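Please work through the exercises below with the sequence and the structure at hand. Attempt each task before reading its solution.

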Protein chains: 2
Amino acid sequence: MTDGHDCYFCAPLAADSFEVVVRGDLVVAVLDRHPINPGHLLVLPLRHATDLAALDTREVTELALVAQRADRALRQVLGAAVEGTNLVMSNGSVADQGVPHAHLHVIPRASGDGYEFREDTSRYPVAPLDPADRAAIAAHMRDG
Amino acid sequence: MTDGHDCYFCAPLAADSFEVVVRGDLVVAVLDRHPINPGHLLVLPLRHATDLAALDTREVTELALVAQRADRALRQVLGAAVEGTNLVMSNGSVADQGVPHAHLHVIPRASGDGYEFREDTSRYPVAPLDPADRAAIAAHMRDG
């Protein structure tokens, strides 16, 4: 299950050194080692796969369902400490993916926790999507 | 399908005024009206549901699979303009959810696009998760 042993996630999966919360058939939920708030989890495939595009449909499905269960469990157990949550998945280093093994962050949020999505609004509005590209994207999504 | 007509997303769904890319059984992918880059999509349930926790398992599954198809289609069609992608879902105003109708951003990323995840590292390390809470979260996730 854990090929790619140079991988920063495959190695602790193989060595069982993650703080695992729940292990599913295809994915596992572990505590993030650098949490933004207590309970910050990562959901990742057991199989080495680089990013979202490399996952198969069963992995994507389990990843999302485990993330939802995590969201609900965090709220249930931590109560008022969880005022909201973010799901964040970064695919590619330009998107801030630090480890090239697909992973989805489930981040409990609290007022004043200092986590922010920043945009460079001086770039706006960006060029609209070309209508031909939009049609091609729609066709790929329907066929995909 | 689109109850909650005061909702900023239900209203354009009902009026068919979104720029829809793909419509599924339970979710729809539309162009974000304020894109970070061309091709920035939102995937949202057709049914009014506030956030991730309020979605049923079929909606979560379709949301994730449509997001994966979007990721692949954006890369296929827009080519080198898509150097990476982010999936972002905000649940709750503290988490930067602007519209209280669940939605998942699929954001094509490019070098220098100015989109950033900022953390207040002066808060680190945060308190570790209490082991009893971790066990309770695991139990809720397994039962959930």
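The exercises that follow concern a predicted model, and they treat its sheet and the contact between its chains.

**Exercise 1. Describe the order of the strands in the open sheet and identify its edge strands.**

Solution. Step 1: follow the sheet from one side to the other. It is open and consists of 10 strands in the order 1(A)-2(A)-3(A)-5(A)-4(A)-4(B)-5(B)-3(B)-2(B)-1(B). Step 2: determine the direction of pairing, which is antiparallel. Step 3: find the strands that pair on one side only. These are strand 1 (20-23) of chain A and strand 1 (20-23) of chain B. Step 4: consider the twist. Neighbouring strands of the sheet are turned by 20° against each other on average, with direction ignored.

**Exercise 2. State how many bridges join strand 2 to strand 3 in chain A, and find the bridge partner of Val27(A).**

Solution. Step 1: locate strand 2 at residues 27-31 and strand 3 at residues 41-45 of chain A. Step 2: count the bridges between these antiparallel strands; there are five. Step 3: start from Val27(A) and look across to strand 3 of chain A, where its bridge partner is Pro45(A).

**Exercise 3. Examine how strand 6 of chain A pairs with strand 6 of chain B.**

Solution. Step 1: locate strand 6 of chain A at residues 116-118. Step 2: establish the pairing with strand 6 of chain B, which is antiparallel and has three bridges. Step 3: take one pair as an example. Arg118(A) has Glu116(B) as its bridge partner.

**Exercise 4. Characterise the contact between chain A and chain B by its residues and buried area.**

Solution. Step 1: count the residues. Chain A contributes 72 residues and chain B contributes 72 residues. Step 2: consider the area. The two chains bury about 6,300 Å² between them, with 63% of it on carbon and sulfur atoms. Step 3: identify the main contributors in chain B. Val94(B), Arg118(B) and Met141(B) supply 11% of the area that chain B buries against chain A, more than any other three residues.

**Exercise 5. Which polar interactions link the chains, and which element of chain B gives the most to the side that touches chain A?**

Solution. Step 1: count the residue pairs in polar contact between the chains, which number 36. Step 2: count the salt bridges, of which there are two. One of them joins the side chains of Glu19(B) and Arg134(A), at 3.2 Å from N to O. Step 3: compare the elements of chain B. Helix 2 gives the most to this side, with 18 residues. Step 4: sort the side of chain B by class, which yields 38 nonpolar, 16 polar and 18 charged residues.

How values were computed: Residues numbered from 1 in each chain as written. Chains lettered and ligands numbered in written order. Predicted model: local features only at pLDDT ≥ 70, side-chain atom pairs only at ≥ 80, totals over all residues. Heavy atoms only, no water. Pairing = 2+ DSSP bridges. Helix = DSSP H or I, 4+ residues; strand = E, 2+ residues; numbered from the N terminus. Axes fitted to C-alpha atoms, helices over the stretch in contact; angles between N-to-C directions. Contact = heavy atoms within 4.5 Å. Buried area = accessible area lost by both parts, 1.4 Å probe. Salt bridge = Lys/Arg side-chain N within 4 Å of Asp/Glu carboxyl O. Polar contact = N/O pair within 3.5 Å; in protein donor to acceptor, adjacent residues only side chain to side chain. Nonpolar A, V, L, I, M, F, W, Y, C, P; charged D, E, K, R; others polar.
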